[in-house]
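Please open the model in your viewer and keep the selection panel at hand. The tour below moves from one selection to the next and says what is there at each stop.

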Amino acid sequence: MTALLATGDPLLAGEIDGGVILLVLLKTLIVFAIPLVLTALMIWVERKVHGDMSNRIGPNRAGPWGILQTLADGAKLFTKEGLIPERADRLVYRLAPYLSAVPAFLVFAVVPFGGDFNPRSDGTIDGTVTLLGNATFLQLFDAQPGILLVLVCSSVAVYGVMLAGWSSGSKYPLLGSVRATAQMVSYEAALGLSLVAVVLVSGSLSTHDIVAFQALPGRGLLPNWNLIVTGVVPFFVFFIAATAEMNRPPFDLTEAEQELVAGFNTEYSAIRFALFYIAEFMATITFGAVIATLFLGGPAGPDLGILPGWLWGTVWFFLKLAIFPFIWIWFRATLPRFRYDQLMDLGWKLMIPLSLGWILLLAAIRSADTVGTDGQRIGYLPAVYVGAGVLLAAVLLQASITVGRRRRELADLEVFD
Amino acid sequence: MAVDVKGGGIVDTDEGAQELTPTRKGMEAKELLREVGCVLRLSEADAEALEPGPDDETMIINMGPQHPSTHGVLRVMLELDGETVVRTKPIMGYLHTGMEKTGEDLTFLQGPTNVTRMDYASPLFNELVFCLATEKLLGIEDDIPARATWIRMLLCEVNRISSHLLFLATNGMDIGAVTMMLYGWREREEMLRFLERITGLRMNHNFIRVGGIAADLPPGWRDEVLGLMDMLPPRLDEYDVLMTGQPIWRERLQGVGVITAQEAMALGATGPILRSTGVPWDLRRDAPYLHYDQLEFDVICGSYGDCFDRYAIRLNEVRESIRLIHQIVDMIPPGDYRIQDKKVTPPPRARIDESMEALIHHFKIFTEGFKVPEGEAYAAVESPRGELGCYLVSDGSAKPYRMHIRGPSFFHLQCLPHMMRGGLIADGVAVISSVDPILGEVDR
C-alpha cells in the first residue's frame, strides 16, 4: 500500500524545468477545455437524446446533425443585452453567476482524466504516464484533501443559486432559491456520508489514490471498484444525491418550469444566464467524472492494445464518464418531478439514515481483520452487533415516521385550519 | 358594477374584490370565507371567529396570466405561507371576446361558427349543443336523419378522445413528465388529422349544422377510424407504463386537491371532477341525447376525488370512447346526412344551376338565415370537461335574442380555491392541470 500512497505527482517532485512548466500549462489547458467542450456536446446530446426519446428530431440546423447548436445558442446569449431588474441587488446579482460557474470548472482539477493504472513489472501501481520526458499524473492537481474539494465546490455553487434568487428582487426566483438552499444543503449531507464509505475502503482522500486502489486486482472476475467494494448502496446514494445536488430532473425543483417559471434564474438574461446554463450542464460532466472516479475506477482499465498504452486510461475514463450524463438525460425524459416535501423526505428520512447505517456496518465489517489491543483478530462479531443495531434503528425510524404521518393526518381531519 | 378603489388599489365588483386583498385585516367574514375557498366547510359564524393570522408572514404571488402551467391566460392569485397555499383567487377575463354577445348578432346558421371557438379543445361539442338547442326551438329534433345523428356521435367521440389526449399531455407536462406531452400531442395529431379529413379543418370545424351535418363522410372513413382505434390502445398502455404505475407520479397526484361529492355538487362541478368524487353522473347515460341510449358503455368513476382519480378517469374514458366508436361505426345507417326541410337546409349545389327558385332560396338562407319560432330552449351535452349547456332565447327572428353557454370549465375554476387550500405550489399546479380548464370557454 505504501507504493500507492505518499507519492504525489512525480512531475513536481523533481527539478522544475521548461518541460515541466509546459506540461502543467498543457494540463491546465486540457482541464479547462475538456469540461467546456464536453458541456457544449452534453447540451447537444441532451437535446438530441431527449428529442429522440420523446419522438422529436431535436436540433438539426446548425452544423452536421445540429452539433453546433450550442455554439449558436452561446453566440446569441453572449451578444444579447443583459438586463438587471430594477429591484435587484446589483452587486450580488452580478456575482451570483460566477459563484455557480467557477466551482463547476474547479472540480475537474482534481479528477484524474487518464493515466496508466496497470501494475508495473514490480507490481506497483503508480498511474503515471511519461510525456515530454517527464513522468506525470494525468490530473491537474492531486490535492491531499482531494475529494473534499469536490464537496467544497458543490457547496459554493449553492451560494450562486441561492444569491441569484435572492438578489433578483422578484418572487418566483426567491421561491426557487429557498427551495435550492434547503434541497442542496440536505443532499450535501447524503453526498458527504456516501463519500465517507469510499474514503473508508480506499484509505485516502486523494482522488489519485482512490483510483489506484480501485486498480488493484479484485475478487475473481470482478474489478476492485468501489461500486462493489463499498457494497453498491453508497454508490446509489451518491448518484441520487448528486442528481439532486445539481438540480437535475426529477429533482429540478429550483427551476421547475411549470411551477416557478424558471426558478432562481427567471430574471437572468444574456451572458449571466449563459453562465448558469453552462454551470448546470458542466455539473453533469463533472459529477459524471467524479462518480466514475469514486466508484467505477476512473481511468483504471485494461490495456487492449491498438492505442498507445498511456491513452487507454483516458479512453476508459471518458467511457465511464459518459454513462451518467446519459442516465440523467434518461431520467429527465421519463420521470415526473418530485414535490418539495417528498424531496425532503427522501433526503432526510431515507438517504441520510441509510448512508449513516451503511457506514457503521461497513466500518464494522472492515475492522474484522484488524488485530485488537489484546493481540486477537477482532472478527465478525462486532459487525453482527452493529448490523443488529442498525436494523433496530431502521425499524424504530420507520415506526416513528409512520406515527408522525398518522398524527399529521389525524390533525388534518380534526382541525380545519 | 360598483367600481370602487379600496385599500391597496383593489377594484371592487358586485361580487366582491376582483383581486386578492393584500391584507386580511378588516376583511369581512363573508369575503374571507369566499377567498379561503371553504364556502362549504364553514358557517359564516365560524368564519367570523376565524383568526386571520399574521399578515407579514405571507406573500401574495401572481400565477399567470402568462405562466407555463395556467393553461392559457388564467390568472391565479395565491397567498403563500412559505410554500403552502393559504388563499387562492382565480381571476379570469383575459381571453374575453364577447362570444355570447356576438352570438346575438349572428343568424342561427352562423351560430356554430361562433360557438365552435369557445372550447377550442373540443369544438364539435360546442357546435353540437348549439345545434341541439336550435333544433329544439325549431321543433325538428325528432326529424334529424339517423345518419346525421350517428355521424355526430362518431365525430364527438373522436373529439372527446383528442381532448382527453390533450389533457393527458398537459397533465404529464405539468407534473414534470415532459415526454408525455409529446406523446399526447402525437396521438392527438392523429385524431385531428382524421377530423380534418372529415370536416376540412383541424379545429373550429363548423361541421355540425342545424338540421344535420355539413357534408357526408368521405370514402374510406371507416378503415381510417378503425385504424385509429387499433392504434390507440397500445399507446394508452404505454401511458400506463410511463405514468399510472410510476411511484413519483402517484405520490404527486394521490390525495392532492381532494374535493368531496357534496362540495363538488354545491360548486356546480360536473364531468370528470364530479365523477372523481364517486358520483356516476354522465349526461350520455343520465339524460341521453342523440342515440347514446342505444349504446353500451360504462361511466368511469373515481372514489377519492383527488387529482389521480381525475387523471385515471380521463385515461379510461378514452378507452370507453374507443369502445363507443367501435359500436357507432357499425350503427351508421345509409341515408341523408341532413334534414330535408327546406326551411333550414339550403338546396343542393346542382339545383342552383337549373332552378331560379333554388338560387333565391339558397341566397335567402345564407343572407337572412331562417326564422326560428319564439321561445326558449336549453340543451346540454357531456363534453370532455363536463356538462356543456346552451340556453337559447328566440324572439322569432333569424338571430337568437339571447345565447348563453354553460361552460363546465367556468364552474370548475370556482372549485380551485377549495382544492388548492393547504397544498403546496406544486400541488396547485397539479390541481389546475387536473381541472383541465379551457379559458376560451370560461371567458366566452
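What follows is a walk through a predicted model, taken chain by chain.

**Chain A and its two domains**

Begin by colouring chain A in two parts, since its assignment gives domain 1 as residues 10-338 and domain 2 as residues 342-417. The centres of these two domains of chain A, taken over C-alpha atoms, are separated by 30 Å. Where they meet, 22 residues of domain 1 of chain A are in contact with 15 residues of domain 2 of chain A.

Next select α5 (171-202) and α8 of chain A, the elements that give two or more residues to the side of domain 1 that touches domain 2. Of that side of domain 1 of chain A, α5(A) gives the most, with twelve residues. By class, this same side of domain 1 of chain A holds 17 nonpolar and five polar residues, and no charged ones.

**The core around Ala241(A)**

Now centre the view on Ala241(A), which, together with Ile291(A) and Val129(B), touches the most other members of the largest nonpolar core, a set of 209 residues. Helix α10 (residues 270-295) of chain A contributes the largest share of this core, with 18 residues. In soluble globular proteins, nonpolar side chains tend to be buried together. If neighbours within four places in sequence are left aside, the residues in contact with Ala241(A) are Tyr187(A), Ala190(A), Leu191(A), Ser194(A) and Met351(A).

**Two backbone details in chain A**

From here, move to the loop between α8 (233-245) and α9 of chain A, where Pro250(A) has its place. The peptide bond that leads from Pro249(A) to Pro250(A) is cis, with omega near 5°.

Then select Ala270(A), which lies in helix α10 of chain A and has a positive phi, near 55°, although the residue is not a glycine. Most residues other than glycine have a negative phi, and most peptide bonds are trans. Is Ala270(A) buried, exposed or partly exposed? Ala270(A) counts as partly exposed because 15 other C-beta atoms lie within 10 Å, while a buried residue would need 20 or more.

**Where chain A meets chain B**

Show both chains together and select the contact between them, in which 22 residues of chain A meet 28 residues of chain B. On the side of chain A that touches chain B, α9 (257-260), α11 (309-334) and α12 (340-366) of chain A each supply at least two residues. The residues on that side of chain A divide into ten nonpolar, five polar and seven charged.

**Chain B and its two domains**

Turn now to chain B, which has 19 helices and eleven strands, and in which buried residues make up 48% of the 444 residues. Colour domain 1 (5-91) and domain 2 (99-443) of chain B separately, as its domain assignment gives them. The contact between these domains takes 19 residues from domain 1 of chain B and 20 residues from domain 2 of chain B. Strands β5 (75-81) and β6 (84-91) of chain B each supply at least two residues of the side of domain 1 that touches domain 2, and β6(B) gives the most, with five residues. That side of domain 1 of chain B divides into nine nonpolar, seven polar and three charged residues.

**The sheet of chain B**

Select β9, β10 and β11 of chain B, three strands that form an open sheet in that order, with antiparallel pairing. The edge strands, each pairing on one side only, are β9 (375-383) and β11 (400-406) of chain B, and the twist from one strand to the next averages 15°. Strand β10 (residues 386-394) of chain B is joined to β11(B) by six bridges, and in β11(B) the residue opposite Cys390(B) is Ile405(B). Helix α5 (residues 123-138) of chain B packs on the sheet, touching β9 and β10 of chain B, and its direction makes about 150° with that of β9(B).

**The last stretch of chain B**

Finish with helix α18 (residues 425-435) of chain B, which is mostly covered, since eleven of its eleven residues are buried. Asp436(B), just after α18(B), takes a positive phi of about 55°. Further along, in the segment after α19 (439-443) of chain B, is the place of Arg444(B), a residue other than glycine with a positive phi, near 45°. Arg444(B) counts as buried because 23 C-beta neighbours are inside 10 Å.

Technical notes. Residues are numbered from 1 along each chain as its sequence is written. Chains are lettered from A and ligands numbered from 1 in the order in which they are written. This is a predicted model: local features need pLDDT of at least 70, side-chain atom pairs count only at pLDDT 80 or more; totals for chains, interfaces and linings use all residues. Two strands pair if DSSP finds at least two bridges between them. Helices (H or I, at least four residues) and strands (E, at least two) are DSSP runs, numbered from the N terminus. Axes are lines fitted to C-alpha atoms, for helices over the stretch in contact, and angles run from 0 to 180 degrees between N-to-C directions. Two residues are in contact if their C-beta atoms, placed from the backbone, lie within 7 Å. Domain bounds come from an automatic or database domain assignment. Ala, Val, Leu, Ile, Met, Phe, Trp, Tyr, Cys and Pro count as nonpolar, Asp, Glu, Lys and Arg as charged, and the others, Gly among them, as polar. A nonpolar core is a set of buried Ala, Val, Leu, Ile, Met, Phe, Trp, Tyr and Cys residues joined through C-beta atoms within 7 Å. A residue is buried if 20 or more other C-beta atoms lie within 10 Å of its own, exposed if 12 or fewer, and partly exposed in between; C-beta atoms are placed from the backbone.
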